[in-house]
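User: Hey, got a minute to go through this model with me? I'd like to talk about how its parts fit together.

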Amino acid sequence: MPSTFTDTEDTLLPPYSFLDDYSEGAHPQLLEALLRTNATQQISYGNDSHSAEARQLIRQHLHATDDEVAIHFIPSGTAANLIGIASCLRPYEAVLTVESGHIVSKEAGAIEATGHKTILVPGVRGKMTPKNLERVVRQNQFFPHSAKPRLVYISNATELGTIYTRAEMAALSETCRRLDLLLFMDGARIGVALSAPGNDLTLRDLVDMTDIFWIGGTKMGALLGEAMVVRSHLADGFAFHLKQHGALLAKSRVMGVQFAELFREDLFFEMARHATEMAQTISVNFEALGYELAAPTETNQVFVILPDRLVARLEERFRFYVWDQREDETAVVRIVTSWATDKLQVDKFNAWVRSETTA
């Protein structure tokens, strides 16, 4: 039966995108700061005053001192993962990651290209668990014939949009230390993770519980840039890794200006809360209509199981990602909201879903 939802003007517009959280450019406040500081002369390669201010502001949010952590700005998330992980490991050491980890299938084998094996660990809702980690570590103890497990890679939020609780992080951190493993956190979406309604972790907790992690700017309103937080025992020579991998920008000031603006007050988490609220609005609508979520909606990603017919109809007006095409004429669809997601478009999306469901 044809849809009863009509909006002639809407059909003339390009499809609104829920594909990712970096389709838009940058928050106007960041652009204004870049324009305001544009004509000033600054020292290159991250030694500018804007980057220094950004580091200081981030440390204040971390409640950490200069002696505890070093902070480096890196242009992209893939570079942050590749350089951060490789800087920690000897050539024969391996990375442990859940099978849904971003480094497994979304970074073109970047970790393996550095010469480090990735060892897969079964995940639970996208998360690494101490029990599964220990079992896989035991299975890779055939020294010196097996690559040596040395670093655990996790992301928060995970690839499924789920978050780690403080208790889960504490247990995982303790397990890593007992097994002499480093703990690395991909923080591409750390903003939405730490501002999620169910979150009880703090940035200070991450300093205490991990060895190295990064704070994502690209997916939280910046034009580009991530802030790598390196504990002091791993910080020596990190800048050399950045330079060798082509990630030490001459105009690092571009990232410094933006991160200073993000952390000067509450802009970073304010944008994150908006993204999560928009996702919750979409998720609640799906559940009210009887659709099953493939993962709980804890942050700005909604994973829902939809019939192929509805997916095809929605694709006429909106862009999103078909995460998993199933054989029963259904698919797992991923809807991602951002700092800039328009509530009017969310309302239109929800109305269209309702119309197609009841038609």
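User: How many salt bridges are there between domain 1 and domain 2?

Analyst: Zero between domain 1 and domain 2. Keep in mind that this is a predicted model.

User: OK, and how many residue pairs are in polar contact across that interface?

Analyst: Three residue pairs make polar contacts across the interface of domain 1 and domain 2.

User: Which pieces of domain 1 touch domain 2?

Analyst: Helix H9 (190-194), strand E7 (212-216) and helix H13 (253-264) each bring at least two residues to that side of domain 1. H9 gives the most, with five residues.

User: What's the mix of nonpolar, polar and charged on that side of domain 1?

Analyst: It splits into 15 nonpolar, seven polar and four charged residues.

User: And how much area do the two domains bury between them?

Analyst: About 1,900 Å² is buried between domain 1 and domain 2, and 68% of that is on carbon and sulfur atoms. In terms of contacts, 26 residues of domain 1 meet 18 residues of domain 2.

User: Remind me, where are the domains cut, and how far apart are their C-alpha centres?

Analyst: Domain 1 covers 28-265 and domain 2 covers 268-358. Their C-alpha centres are 28 Å apart.

User: Back to salt bridges. What's the total count?

Analyst: The count comes to 19 salt bridges. One of the pairs is Asp-21 with Arg-189, where the closest N and O atoms are 2.7 Å apart.

User: Why does the Asp-21 and Arg-189 pair tie together parts far along the sequence?

Analyst: Asp-21 sits in the loop between strand E1 (16-17) and helix H2 (28-37), while Arg-189 sits in the loop between strand E6 (182-186) and H9, so the pair links parts that are 168 residues apart in sequence.

User: Switching topic: what's the story with helix H14?

Analyst: H14 runs over residues 267-288, so 22 residues, and reaches 32 Å from its first C-alpha to its last, close to the 32 Å expected at 1.5 Å a residue. Just after H14, Gly-290 has a positive phi of about 95°.

User: Which residue has a positive phi although it is not a glycine?

Analyst: Arg-125 does, with a phi of about 55°. You'll find Arg-125 in the loop between strand E4 (118-121) and H7.

User: Last one: which residues are joined by cis peptide bonds?

Analyst: Phe-143 and Pro-144 are joined by one, with omega at about -5°. Pro-144 is in the loop between helix H7 (130-139) and strand E5 (148-155). Another cis peptide bond joins Asn-156 and Ala-157, with omega at about 5°.

User: And where does Ala-157 lie?

Analyst: Ala-157 is in the loop between E5 and helix H8 (166-178).

Notes: Residues numbered from 1 in each chain as written. Predicted model: local features only at pLDDT ≥ 70, side-chain atom pairs only at ≥ 80, totals over all residues. Heavy atoms only, no water. Domains from an automatic or database assignment. Contact = heavy atoms within 4.5 Å. Buried area = accessible area lost by both parts, 1.4 Å probe. Salt bridge = Lys/Arg side-chain N within 4 Å of Asp/Glu carboxyl O. Polar contact = N/O pair within 3.5 Å; in protein donor to acceptor, adjacent residues only side chain to side chain. Helix = DSSP H or I, 4+ residues; strand = E, 2+ residues; numbered from the N terminus. Nonpolar A, V, L, I, M, F, W, Y, C, P; charged D, E, K, R; others polar.
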